[in-house]
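Trainee: Pick one part of this model and take me through it slowly. I'd like the hollow inside and whatever sits around it.

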Amino acid sequence: MSLLDQFFVYHPEPWKEGDWSAAGGVPLEDVWFQAADGTKLFGWYAEQSAASPFLLWCHGNAGNMVHRLDNLRALYRLGLSVFLFDYRGYGRSQGRPSENGLYQDAIGAYDYLTRVRRIRPERLVIVGRSLGGAVAGELATQRPAMGLLLESCFPSIEAVARHHYMGLPLHWLLGASFRLEDRLPHLSLPKLFVHGDRDDIIPIELGQRAFAAAKAPKEFYIVRGADHNDVPSVGGRAYFAKLSAFIAAALGR
């Protein structure tokens, strides 16, 4: 792993104590579990009912779970159960982030849900946002689920680096590749891609390139006027209605 990965790719923030369940208005259960390689991780478990659709959420490269609390609340109020976890080195989770480490974290989160909580794959939709899209894509190649929801995702670190650094191959200096576009052709489950058309971190063209690599069934949903970090708030009711419809269709409801 390149030391530059810790500067360019991963931007974790340490945990801040707070009554996050009260702040979010969601009954969050604190969960400690292990990644596939044994690293100790922390997550929030919020279940609506024993039959509700379950989202396994792989977040982006910055901050920690607290920064997704508003979005989690909105999803929970749609009647969705959510398991949101922090990668190694993020928030309260132990370890140091790496590409393979994040993949191990997601597998551990999935195995916790299915083996400890007994959540059936028939209830599961894997969600990946930005960098988490590559993590979610890898997880979907390793474990069964009913759908894959990818928001503001990119085809590879190389593609992002070339865009931001005038085509220079700076990715050669990085250890991480996160090649989502290599996983997508092998995934037959339903896929929804969501992207803001004003995203200046991951331009919509990169999201469309990832979409082009994906096998059907797939759909690309554009949130007009949205940048990278405000897709849910800009998308509003139409955005959440789209997510609900996709999840219901993927689960055959």
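Mentor: Here is a close look at the cavity, its walls and their surroundings.

Quick ground rules: this is a predicted model, with local features needing pLDDT of at least 70 and side-chain atom pairs pLDDT 80 or more, while totals for chains, interfaces and linings use all residues. Numbering runs from 1 along each chain as its sequence is written, and side-chain values use heavy atoms, leaving out hydrogens and water.

Searching the whole structure turns up 1 cavity of 30 Å³ or more. By cavity I mean a set of points on a 1 Å grid over the protein atoms alone where a 1.4 Å probe fits but cannot get out, and lining residues have an atom within 4 Å of a point. Its volume is about 100 Å³, taken as the space filled by probe spheres set on points joined across faces, edges and corners.

Who lines it? Leu55, Trp57, Asn71, Leu75, Val127, Arg129, Leu149, Glu151, Tyr239 and Leu243 do. Two or more of the lining residues come from each of β4, α3 (69-77), β7 (124-129), β8 (147-151) and α9 (231-250). These are DSSP runs numbered from the N terminus, helices being H or I over at least four residues and strands E over at least two. By class, the lining has 7 nonpolar, 1 polar and 2 charged residues; Ala, Val, Leu, Ile, Met, Phe, Trp, Tyr, Cys and Pro count as nonpolar, Asp, Glu, Lys and Arg as charged, and the others, Gly among them, as polar.

Take the α3 wall next. Buried in α3 are Leu69, Asn71, Leu72, Arg73, Leu75 and Tyr76, where buried means under 20% relative accessible area, with a 1.4 Å probe and protein chains only. Asn71 and Leu75 also turn up in the cavity lining. The cover over that buried set includes α2 (20-24), β3 (40-46), β4, β6 (81-85) and α9. After α3 comes Gly79, with a positive phi near 95°.

Now follow β4 out of the wall. His59 sits in the loop between β4 (54-58) and β5 (62-63), and it counts as buried because its relative accessible area is 0%. Not counting residues up to four places away in sequence, His59 touches Asn64, Met65, Arg68, Leu84, Phe85, Asp86, Tyr87, Tyr90, Arg129 and Gly132, touching being heavy atoms within 4.5 Å. One of those, Arg129, is a lining residue as well.

Beyond β7 there's Ser130, in the loop between β7 and α5 (131-142). Ser130 has a positive phi of about 55° although it isn't a glycine, and at 7% relative accessibility Ser130 is buried.

At the other end of the strand, Leu124 is in contact with Thr114, which also meets Ile119, leaving aside neighbours within four places in sequence. Thr114 belongs to helix α4 and is buried at 18% relative accessibility.

Asp111 is in helix α4 too (residues 99-116), and at 12% relative accessibility Asp111 also counts as buried. Outside four places in sequence, Asp111 touches Val116 and Arg143. The side chains of Asp111 and Arg143 are joined by a polar contact of 2.9 Å. Gln34 is 77 residues from Asp111 in sequence, with the C-alpha atoms 9.2 Å apart.

Technical notes
Buried means under 20% relative accessible area, exposed over 50%, partly exposed in between (1.4 Å probe, protein chains only). A polar contact is a pair of N or O atoms within 3.5 Å; within protein, one must be able to donate a hydrogen and the other to accept it, and residues adjacent in sequence count only if both atoms are side-chain atoms. On a 1 Å grid over the protein atoms alone, a cavity is a set of points where a 1.4 Å probe fits but cannot get out, and a pocket is an open set with protein on both sides within 12 Å along at least five of seven lines; lining residues have an atom within 4 Å of a point.
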